[in-house]
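Student: Before we begin, could you put the model on the screen, so that I can ask about its pockets and then about its strands?

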Amino acid sequence: MSRPEAELDALADAGDRLLAHLDDLSDNAVVAPSQLPGWTRGHVLTHLARNADALMEVLAGRPMYASAEAREEDIERGARRSAAEQLSDLRAAGDRLAEALNRLPGDRWGDTVELRNGVTDTVASLPWRRWVEVELHLVDLDLGHTIADLPGDFTDRALPWLTRRFADRPDVEPIEVRAEDGRSWRTGRTGGEPVVVTGGPAALTGWLTGRTAGTGLAASAELPRVPAL
C-alpha cells in the first residue's frame, strides 16, 4: 500500500487551520462550553492532543489508550489548563505525530493496526482518521467555524466513509444518502424501503456525524437518527 500523500497534505493544512483559529484564545474561552455536551473547549483541545499521542501508540504496536477510564481521566485532567498550555501541548502532539508519519518506512503503510473498541484498519488510514478528528473538533470548539466551512475535499471523502460506517447496522434504518451532485450511497440495515436523504455534502456530513439535526436536508420520510461520531 502506498503512502497516502493527499491525506498527509490535507492533515497538515487542517492542523494549520486549527491552530490559526486558536491564536487569540483566552483562558476564559478555554473553560467555556464547546458544542459537545458536557465538554468545555479545554476538553476538546486536550482530547485532540491526546488523540495524536494515541495514534503514536498505535504506530508503535501498543493499545491506543491504556483503558477507557485512563482516556477520560487524561482529558478531564488537562481540560482546565491555560490557553497557552493547551496550545503548546496541541502543537507539540501534532508535530510528534506528523514527524512519525513522515518518517514511516514505505512498507509499513499496509500494516494492520488496532484502534479503539477492537476496530482494525491499515496504517495508511491513520492520516485520514486524524484529519476527521481535526476537522470535526474545530467545528465543536464553537469558534465561528461551522459545518458549512468544511473543505470540499474533506466532505467528498467523508460521505462514502460515513455511509460505510453505518452499513448493515441493525440499529440504523435503511437510508439512501444523495448528494446534490448526483452521488448516492446506501447505508443502514438491509431490507425495506430506504428513507432518501438529499442535500449538499457539508450538510450531509454534519448530519451523519451528529453535528446537526439535519439542517438543509430533504428527506422522503422522517429524518432517521444516526449515532454521533
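Student: How much space lies in the largest pocket?

Tutor: Please keep in mind that this is a predicted model. The lining of the largest pocket is made up of 28 residues, and the space that lies in this pocket is about 940 Å³.

Student: Which helix gives the most to the lining of the largest pocket?

Tutor: Three helices each supply at least two residues of that lining, namely helix 3 (41–59), helix 6 (126–140) and helix 7 (152–166). Among the lining residues that lie nearest the centre of the pocket are Arg 71, Arg 116 and Glu 133. With six residues, the helix that gives the most is helix 6.

Student: How many residues of the lining of the largest pocket are charged?

Tutor: The lining divides into three classes, with 13 nonpolar and seven polar residues in two of them. Arg 165 is one of the residues nearest the centre of the pocket, and so is Leu 229. The number of charged residues in the lining is eight.

Student: What is the volume of the second largest pocket, and which helix supplies the largest share of its lining?

Tutor: The second largest pocket has a volume of about 360 Å³. Of the 18 residues that line this pocket, those closest to its centre include Leu 11, Gly 15 and Gly 94. Helix 1 (5–21), helix 5 (83–102) and helix 6 each supply at least two residues of the lining, and the largest share, eight residues, comes from helix 5.

Student: Why is strand 3 described as largely enclosed by the rest of the structure?

Tutor: Strand 3 spans residues 175–179, and a residue is called buried when its relative accessible area is under 20%. The strand is largely enclosed because, of its five residues, the number that are buried is four.

Student: In which sense do strand 3 and strand 4 pair, and which residue of strand 4 stands opposite Arg 178?

Tutor: Strand 4 covers residues 184–187, and its pairing with strand 3 extends over four bridges in the antiparallel sense. In the hairpin of these strands, four residues lie between the two, and Gly 182 takes a positive phi near 105 degrees. The residue of strand 4 that stands opposite Arg 178 is Ser 184.

Student: How do strand 3 and strand 5 run, parallel or antiparallel, and what is the bridge partner of Ala 179 in strand 5?

Tutor: Strand 5 (residues 195–199) is joined to strand 3 by five bridges, and the two strands run parallel. In strand 5, the bridge partner of Ala 179 is Gly 199.

How values were computed: Residues are numbered from 1 along each chain as its sequence is written. This is a predicted model: local features need pLDDT of at least 70, side-chain atom pairs count only at pLDDT 80 or more; totals for chains, interfaces and linings use all residues. Side-chain values use heavy atoms; hydrogens and water are left out. Buried means under 20% relative accessible area, exposed over 50%, partly exposed in between (1.4 Å probe, protein chains only). Two strands pair if DSSP finds at least two bridges between them. On a 1 Å grid over the protein atoms alone, a cavity is a set of points where a 1.4 Å probe fits but cannot get out, and a pocket is an open set with protein on both sides within 12 Å along at least five of seven lines; lining residues have an atom within 4 Å of a point. Grid points are joined across faces, edges and corners, and a volume is the space filled by probe spheres set on the points. Ala, Val, Leu, Ile, Met, Phe, Trp, Tyr, Cys and Pro count as nonpolar, Asp, Glu, Lys and Arg as charged, and the others, Gly among them, as polar.
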